[in-house]
Amino acid sequence: MSDITTALAYSTDSAGMHPSHTLPIKLRAIAQAGFSQVELAFPDLEAYAEQEFPGYQKLDEHGNGDLGKLLQAADNVRKLCEELRISILAVHPFSQFEGYEDTKKRATGFERATAWFRVLKALHCQMLQVGSTPDPSTSSDYDVIARDLRQLADEAAAQDPPIRIAYEMWAWGVHVNTWEHIWEVCKRVDRPNFGLCLDTFQICARAYADPTSDDGLLQNASQDSANTQLASSLSALSATLPPEKIFYFQISDGSRKVTPDALKKSAEEQGISPLYAWSNAWRPVPYMDAVCPRDDKESWGGYLPVADVCLAVLKTGWRGPWSYEVFYEEDMSKEDADVPAKWAKAARDSHELLVQKVKGSGF
């Protein structure tokens with residue numbers, strides 16, 4: 001542990017994408033790599049419930065399903081985490097929630113939240129990550145968005161123990177997709193248990209990178225170039241965000257290993273934006289080529305200025321949990337028992353290099 005972090009976490013959905021990479025296997029790999037916390041992916045928990053309880057029915061958009069069995073699975077996971085001496089930093093992703101003006105859709109989101117709160121309690125976890133909605137049918141009015149998130153924060157605060165809400169900008173979010181956006185929403189929510197989840201990938205995906213361009217960089221940057229636009233954005237971030245409103249910080253790189261045409265085709269086939277497709281499949285750990293060289297001697301393709309983003313966040317005065325959330329489908333989806341340990345160890349080694357880089361920048 002370095003003096004610039006209070007805790008180090010790794011996301012369970014970053015420890016393998018094949019069904020053979022079960023949640024217990026992932027948790028053991030994360031603990032063995034030296035992480036003290038995990039960020040628990042809700043789909044991983046439901047996959048584990050399916051394995052433990054054949055016929056398990058996943059929770060729907062109302063939170064209806066085999067909740068009792070899911071709570072039993074969550075209790076099992078909690079016990080395993082205690083055995084491994086790791087704690088659960090947050091559960092993610094709670095999505096497509098805010099901004100609905102239709103009363104039935106709005107009520108549905110709060111019904112789902114009630115079920116998720118019960119799961120968090122069973123896990124002994126006190127933070128829920130909410131991703132900015134990609135649903136174009138939602139309101140673009142930040143007062144409407146903040147209204148829903150304020151009520152969510154109030155209901156989370158009423159839980160025993162209280163739950164905090166970490167709001168993350170997703171680069172493919174329809175109305176909220178930059179750090180400036182989530183900060184504007186956060187100010188309007190105005191609740192002590194509502195804060196931000198910052199992410200190196202999401203910040204760069206809007207202020208620096210464009211994976212559909214030939215060079216991987218923004219082509220119509222509002223500043224002179226992608227580099228200057230990012231520098232301007234990061235300078236503003238350091239001067240603007242109160243450290244106490246940053247609840248945790250996700251770390252990953254972005255890869256140019258996928259061609260623009262292949263990425264566009266994949267996104268079209270899935271019916272999602274290219275940024276979403278890029279996020280789901282092409283996010284290695286920083287310095288992956290150094291910490292885990294490929295067998296084929298090729299590069300993992302990482303190119304984002306991750307250390308610059310980290311430095312900007314630290315300049316706010318914030319010190320808190322760093323969580324490595326990475327996705328590299330080409331490798332993680334293999335039926336390979338070594339995948340969970342390989343990626344968790346790579347992230348732990350990457351962190352040491354990243355800290356050196358940040359400190360070498362004069363921090």
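# Exercises on a predicted protein model

The accessible surface of the protein chain is about 15,000 Å², and carbon and sulfur atoms hold 46% of that surface. The model is predicted.

**Exercise 1. Find how compact the protein chain is for its length.**

Step 1. Start with the secondary structure: the protein chain has 14 helices and ten strands.
Step 2. Compare the radius of gyration with the globule rule. The radius is 19 Å, and the rule gives 21 Å for 363 residues. The two values are close, so the chain is as compact as a globular protein of that length.
Step 3. Add the dimensions. The C-alpha trace spans about 50 × 45 × 45 Å along its principal axes.
Step 4. Check the contacts. Take those between residues at least 6 apart in sequence; 79% of them join residues at least 24 apart.

**Exercise 2. Describe the largest nonpolar core and name the residues that touch the most other members.**

Step 1. Look at burial across the chain. Of the 363 residues, 57% are buried.
Step 2. Recall the background. Nonpolar side chains tend to be buried together in soluble globular proteins.
Step 3. Turn to the largest core, which holds 120 residues. Tyr-10, Leu-123, Leu-149, Leu-198, Trp-278, Trp-322 and Trp-343 touch the most other members.
Step 4. Locate the largest share. Helix α4 (residues 103–123) supplies nine residues of this core.
Step 5. Note the separate group. Another core, of eight residues, lies apart from this one; its members include Leu-89, Ala-166, Cys-197 and Phe-247.
Step 6. Zoom in on Leu-149. Beyond four places in sequence, Leu-149 touches Phe-97, Glu-98, Val-130, Tyr-167, Val-185, Val-189 and Phe-194.

**Exercise 3. Decide whether Gln-37 is buried or exposed.**

Step 1. Place the residue: Gln-37 is in strand β2 (residues 37–41).
Step 2. Apply the cut-off. Buried means under 20% relative accessible area. Gln-37 has 15%, so Gln-37 is buried.
Step 3. List the surroundings. Outside its neighbours within four places in sequence, Gln-37 contacts Ala-7, Leu-8, Ala-9, Tyr-10, Ile-30, Ser-87, Leu-89 and Pro-321.

**Exercise 4. Work out the setting of Gly-99.**

Step 1. Gly-99 sits in the loop between β3 (87–94) and α4.
Step 2. Its relative accessible area is 0%, so Gly-99 is buried.
Step 3. Setting aside neighbours within four places in sequence, Gly-99 contacts Thr-138, Ser-139, Val-144, Ile-145 and Asp-148.
Step 4. Compare with Leu-71. Gly-99 and Leu-71 are 28 residues apart in sequence and 29 Å apart in space, C-alpha to C-alpha.

Note on methods: Residues numbered from 1 in each chain as written. Predicted model: local features only at pLDDT ≥ 70, side-chain atom pairs only at ≥ 80, totals over all residues. Heavy atoms only, no water. Core = buried A, V, L, I, M, F, W, Y, C linked by side-chain atoms within 4.5 Å. Buried < 20%, exposed > 50% of the residue type's maximum accessible area, 1.4 Å probe, protein only. Helix = DSSP H or I, 4+ residues; strand = E, 2+ residues; numbered from the N terminus. Contact = heavy atoms within 4.5 Å. Rg over C-alpha atoms; globule rule 2.2 N^0.38 Å. Areas by Shrake-Rupley, 256 points an atom, 1.4 Å probe, with all protein chains shown as cover.
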